Amino acid sequence: MFGLRPDGKQVRDIDPIQRIMPHIMRHRHDSQNLTDYDCPCEPLDAFIKEQSALGENYNYMHIVIAGLVRTIALFPRINRFIMNGRIFQRNSIQISFVVKKGLSAEAADTTVKIDFTGLESLPEIRDKINDAIRANSHMDANNGTDKLARLITFTPNFLIHFLVATIKYLDKHGLLPGAILKVSPFHTSAFITNLKSIKGPSIFHHLYDFGNTGMFFAMGKEAKVPVVQGDQVVVGKRMPLYIVTDERFCDGFYFVNALRNLRENYAHPERLLERLEEVTQDVKVIDRHSFRKKNRNKDE
């Protein structure tokens with residue numbers, strides 16, 4: 001309440017136009033920007049093959065998430081979110097994705113969310129992803145998200161509507177308990193759907209108005225397509241990566257540069273093998289406690 005939340009700090013001293021945007025476009029579905037990127041597979045395939053010869057196993061999902069985590073660490077404004085007309089900087093980098101509990105159409109899905117500091121190397125991120133998948137890919141798996149969903153849906157339909165409305169109200173005013181925020185996959189830096197794993201095409205996935213996810217990435221099945229190289233047209237292998245973002249929490253120039261960095265990460269995945277020495281700080285975030293203490297010291 002009053003701009004205080006357990007999952008983020010309010011961004012201060014922002015441009016008037018940017019500050020008013022959440023009041024002009026009040027919903028995420030009203031604020032979506034869509035872009036697509038045909039990600040070249042040749043650098044990914046070469047890297048995966050080279051690492052396999054060294055006994056290290058990676059897949060596209062590992063590299064896509066690692067590249068995104070690295071970009072968020074270097075461009076922290078894309079880790080902001082909007083709530084109740086205010087702009088917040090998230091306390092950590094969080095990535096959500098769906099895990100299927102079996103290889104059949106009848107098998108249930110579950111959603112996992114992984115926390116990152118942004119300093120992690122590709123091997124560390126791979127291990128976190130693999131651990132999360134192993135822990136949730138069997139029929140008896142029952143994570144915090146599953147338990148919360150089961151608790152809500154155990155009630156009659158009219159109570160489900162009431163409970164979800166109550167959760168949304170508490171979330172809007174910063175009163176939602178941290179325990180719920182911790183397991184909610186909808187409170188995350190980015191949501192990723194790997195349609196490539198089921199040989200499906202990519203899609204522009206909407207942003208949820210529930211929670212505070214500001215970016216949605218969809219990986220599609222790779223294909224061979226015509227590619228222009230200089231004056232020639234050659235056959236190249238490309239993976240469609242469709243991206244939907246909330247345009248309200250940072251300007252287009254910043255977003256474009258962040259996405260350019262993301263493309264560089266996928267063009268040169270080997271640079272993700274090293275840990276990042278330092279995470280870039282969002283300079284417009286002011287911690288209220290520190291701000292008051294600083295002003296109190298000045299008065300003294």
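A polar contact here is a pair of N or O atoms within 3.5 Å, and within protein one of the two must be able to donate a hydrogen and the other to accept it. With that in mind, and remembering that this is a predicted model, begin the tour at helix α3.

**Stop 1: helix α3.** Select residues 60-74, which make up helix α3, and add N59, because a side-chain oxygen of N59 comes to within 3.1 Å of the backbone nitrogen of M61 at the start of α3, a pair that falls inside the 3.5 Å limit for a polar contact. Now place a distance between the end C-alpha atoms of the helix: they are 21 Å apart, which agrees with the 21 Å that 15 residues should span at 1.5 Å a residue. Switching to a surface view, you will find α3 mostly covered, with 14 of its 15 residues buried.

**Stop 2: R126.** Move next to helix α4, residues 122-136, and pick out R126 within it. Is R126 buried or exposed? Its relative accessible area is 9%, and R126 is therefore buried, the cut-off being under 20%. Follow the side chain of R126 outward, and it reaches the backbone oxygen of N57 at 3.5 Å. Showing the surroundings of R126, with neighbours within four places in sequence left aside, brings up its contacts with E56, N57, Y58 and H62.

**Stop 3: Y208.** Select the loop between β8 (190-194) and β9 (215-219), where Y208 lies. Which residues does Y208 contact, apart from its neighbours within four places in sequence? They are R28, F186, F191 and F216. Add H29 to the view as well: 179 residues separate Y208 and H29 in sequence, yet their C-alpha atoms are 7.2 Å apart in space.

**Stop 4: the patch on α1.** Turn to helix α1, residues 16-24, and select I20. I20 has 43% relative accessibility and so counts as partly exposed. Extend the selection to I17 and I24, which together with I20 form a nonpolar patch on the surface, with about 310 Å² of accessible area between the three.

**Stop 5: the whole chain.** Finally, zoom out and colour the protein chain by secondary structure, which comes to nine helices and eleven strands. Of the 300 residues in the chain, 43% are buried, while the accessible surface comes to about 16300 Å², with 56% of that belonging to carbon and sulfur atoms. If you draw the contacts between residues at least 6 apart in sequence, 72% of them join residues at least 24 apart.

Notes. Residues are numbered from 1 along each chain as its sequence is written. This is a predicted model: local features need pLDDT of at least 70, side-chain atom pairs count only at pLDDT 80 or more; totals for chains, interfaces and linings use all residues. Side-chain values use heavy atoms; hydrogens and water are left out. Helices (H or I, at least four residues) and strands (E, at least two) are DSSP runs, numbered from the N terminus. The expected span of a helix is 1.5 Å times one less than its number of residues. Buried means under 20% relative accessible area, exposed over 50%, partly exposed in between (1.4 Å probe, protein chains only). Contact means heavy atoms within 4.5 Å. Patches are made of residues with over 30% relative accessible area and no salt bridge: like charges are joined within 9 Å, nonpolar side chains (Val, Leu, Ile, Met, Phe, Trp, Tyr) within 5 Å. Accessible areas come from the Shrake-Rupley method with a 1.4 Å probe; for residues, only the protein chains shown count as cover. A salt bridge is a side-chain nitrogen of Lys or Arg within 4 Å of a carboxyl oxygen of Asp or Glu.
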